Amino acid sequence: MNKLDSSLVVSALQEAGYDLTDSVRDADVVLINTCSVRGHAEDRVLSNLGHLKHLKKTRPELVVAVIGCMAQRLGPELLKHPAVDLVAGPSQLPQVPDLIAQLRGQHDKLLAITDDIRRPVSEAEDQALDTFEQDFDSDENQLPGQAFVRIMRGCNKFCSYCVVPFVRGPEQSRSPAAIVEQARKLSDRGIRQVTLLGQTVNSYRHVEGDRTVTLVDLLERISRIDGIHWIRFITSHPKPFDERIFQAMADNPKVCRYLHIPAQSGSDRILKAMNRGYTCDDYIRLIDGARRIVPDIAVAGDFIVGFPGETDEDFEDTCELVRRIRYKNCFIFKYSPRPGTRADQKLADSVAEEVKKRRNISLLDLQNKISEQENRNFIGQTVEVFVEGPSKNPHLNASETQALPQLVGRTGSDSIVVFPGPANLAGSFLSVRIAKASALTLFGEVAPQS
Ligand code: SF4
């Protein structure tokens with residue numbers, strides 16, 4: 001979601017005549033797009049602002065803008081920081097180019113956030129956000145041939161640890177016509193894969209006359225666009241989950257067989273305290289059902305370790321769930337109290353930092369072993385990958401690359417594949433024969449194309 005927001009703002013500023021620079025010393029304007037989900041992310045923003053404060057002593061004309069969730073959360077408090085000129089929340093991103101233009105004409109500070117964040121955005125704001133998505137969804141700032149398409153904003157779940165409902169507002173689904181139109185325009189520009197985004201993407205609902213359009217309908221409508229070959233959607237919430245989504249994966253070759261569905265804990269007691277709305281058994285039943293319909297579905301999860309009151313037994317329940325589900329991969333986070341959330345207000349952050357760290361390492365270790373075992377099953381298989389471009393880190397040795405660049409691509413089930421090939425393959429689909437596997441990556445070479 002944040003990557004998409006950044007790329008929209010960058011495109012809008014490019015349209016206004018700005019160029020991107022890698023060096024903060026060359027910049028006339030510095031934008032920091034922020035995340036509030038964990039304290040650590042916010043601490044890094046404050047540390048960057050500390051550096052910018054010094055830079056502004058020698059270059060007072062430099063404009064520094066903090067945008068996104070932290071901007072919405074802290075608002076006027078953040079604007080008091082000596083480095084900060086502009087604070088703009090997620091709903092005010094369409095205004096950022098104008099606000100920067102105002103700041104460059106005069107040296108004042110500007111605040112643009114939503115006063116009552118739980119109020120649904122007005123029709124005019126909704127329209128402005130929609131136009132912004134449509135106009136600036138340039139693929140130049142994304143991977144070749146790929147684009148993110150936001151299908152909904154905000155969240156109504158109120159998980160007790162999570163700040164998102166307080167910074168991104170209530171759940172609101174975009175109109176299916178606007179989404180399909182955007183996907184069609186993207187396809188005309190050469191986009192082959194779209195990833196539909198929502199905090200709880202499977203909650204997508206839009207009333208159209210006397211019927212309600214759901215994610216299943218959207219997948220079907222987007223798949224009718226010839227140029228779009230793969231459709232992904234992230235992130236799903238386990239409850240309620242419409243099992244017809246699995247049927248769409250099974251029946252429609254354009255719908256990728258990948259499900260990112262955070263469980264957060266394997267302990268019912270902790271799930272209740274997290275206000276997640278399901279039990280561990282509910283979650284297992286859902287994944288078992290998914291695998292009955294789509295046997296080769298890849299499942300990725302998120303877990304929080306060290307939630308207030310989490311005992312060794314609760315943590316063992318989480319490990320047991322990870323063993324039972326056999327995720328493709330998991331994102332594991334240490335609990336970090338977020339101001340304004342129910343967990344922060346009502347529950348003491350009782351698990352010691354070193355225990356959180358130990359549980360984090362041990363769960364990651366368990367998941368890595370599972371990922372490695374699962375990845376070994378790919379050895380000898382030929383998989384279809386969508387090529388992203390040159391790999392940032394070298395993985396293969398010289399004898400394996402035949403002096404070609406090392407490319408990275410992803411399968412429909414989100415496995416990362418590294419293989420040698422010419423850089424101009426970025427943005428295309430290829431068959432790759434897998435020869436080696438690690439926990440995180442598959443390695444292979446381009447197979448004869450059918
Ligand atoms: S579902 Fe829960 S964790 Fe996800 S964004 Fe909403 S409140 Fe946060």
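Colleague: How do the axes of helix 13 (residues 312-325) and helix 15 (residues 353-376) lie in this predicted model?

Modeller: They come within 10 Å of each other and cross at roughly 15 degrees.

Colleague: And what makes you call helix 13 and helix 15 parallel, antiparallel or something else?

Modeller: Angles under 35 degrees count as roughly parallel. The crossing is roughly 15 degrees, and therefore helix 13 and helix 15 are roughly parallel to each other. As for the hand, helix 13 and helix 15 make a right-handed crossing.

Colleague: Which residues of helix 13 and helix 15 meet?

Modeller: From helix 13 you have Phe315, Thr318, Cys319 and Val322, and they meet Arg359, Leu363, Leu366 and Gln367 of helix 15. Sorted by class, that contact has 5 nonpolar, 2 polar and 1 charged residues.

Colleague: Let's try another pair. Why are helix 9 and helix 10 described as roughly parallel to each other?

Modeller: Again, go to the angle: helix 9 (residues 215-223) and helix 10 pack at about 20 degrees, and their axes are 9 Å apart. The cut-off for roughly parallel is under 35 degrees, so helix 9 and helix 10 are roughly parallel to each other. Helix 9 passes helix 10 in a right-handed crossing. Helix 9 brings Leu215, Val216, Leu219 and Glu220 to the contact, while helix 10 brings Arg244, Ile245 and Ala248.

Colleague: How many nonpolar, polar and charged residues does the contact of helix 9 with helix 10 have?

Modeller: There are 5 nonpolar and 2 charged residues, with no polar ones.

Colleague: What about helix 8 (residues 176-188) and helix 9: at what angle do they pack?

Modeller: About 35 degrees, with the axes 10 Å apart. The crossing of helix 8 and helix 9 is right-handed. In helix 8, Pro176, Ile179, Val180 and Ala183 meet Asp217, Leu218, Arg221 and Ile222 of helix 9. The class count for this contact is 6 nonpolar, no polar and 2 charged residues.

Colleague: On to the sheets. What makes strand 5 (146-150) and strand 11 edge strands?

Modeller: Start with the strand order, which is 5-8-11 in an open sheet of 3 strands with parallel pairing. Strand 5 and strand 11 each have a single partner strand, so one side of each is left without a neighbour in the sheet. Neighbouring strands here are turned by 25 degrees against each other on average, direction ignored.

Colleague: How do you know that strand 8 (residues 193-197) and strand 11 pair?

Modeller: Pairing takes at least two bridges. Strand 8 and strand 11 have 5 bridges, in the parallel sense. Leu197, for instance, stands opposite Ile234 in strand 11. Helix 9 turns up here too: it packs on the sheet and touches strand 8 and strand 11, with its direction at about 155 degrees to that of strand 11.

Colleague: What is the strand order in the sheet of 4 strands?

Modeller: That open sheet runs 1-2-3-4, and the pairing is parallel. Strand 1 (29-34) and strand 4 (110-112) are its edge strands, each pairing on one side only. The average turn between neighbouring strands is 10 degrees, direction ignored.

Colleague: How many bridges join strand 2 (residues 63-68) to strand 3 (residues 86-88)?

Modeller: There are 3 bridges, against a required minimum of two. The strands run parallel, and Ala65 has Leu86 of strand 3 as its bridge partner. Helix 2 (residues 39-58) packs on this sheet, touching strand 1 and strand 2, and its direction makes about 170 degrees with that of strand 1. Helix 5 (residues 96-105) also packs on the sheet; it touches strand 1, strand 2, strand 3 and strand 4, at about 155 degrees to the direction of strand 2.

Colleague: What kind of peptide bond joins Ile234 and Thr235?

Modeller: A cis one, with omega about 0 degrees. Thr235 is in the loop between strand 11 (230-234) and helix 10 (244-251). Pro240 lies in the loop between strand 11 and helix 10 as well, and a cis peptide bond joins Lys239 and Pro240, with omega about -10 degrees.

Colleague: What makes the phi of Asn275 worth a mention?

Modeller: Most residues other than glycine have a negative phi. Asn275 is not a glycine, yet its phi is positive, at about 60 degrees. Look for Asn275 in the loop between helix 11 (268-273) and helix 12 (280-293).

Colleague: Last one: which residues are around the ligand?

Modeller: Cys155, Lys157, Phe158, Cys159, Cys162, Val164, Pro165, Gln199, Thr200 and His237. That shell divides into 6 nonpolar, 3 polar and 1 charged.

Note on methods
Residues are numbered from 1 along each chain as its sequence is written. This is a predicted model: local features need pLDDT of at least 70, side-chain atom pairs count only at pLDDT 80 or more; totals for chains, interfaces and linings use all residues. Axes are lines fitted to C-alpha atoms, for helices over the stretch in contact, and angles run from 0 to 180 degrees between N-to-C directions. Angles under 35 degrees count as roughly parallel, over 145 as roughly antiparallel, 65 to 115 as roughly perpendicular and the rest as oblique. A crossing is left-handed if the near helix is turned anticlockwise from the far one by less than a right angle, and right-handed if clockwise. Two residues are in contact if their C-beta atoms, placed from the backbone, lie within 7 Å. Ala, Val, Leu, Ile, Met, Phe, Trp, Tyr, Cys and Pro count as nonpolar, Asp, Glu, Lys and Arg as charged, and the others, Gly among them, as polar. A residue is near a molecule or strand if its C-beta atom, placed from the backbone, lies within 6 Å of it.
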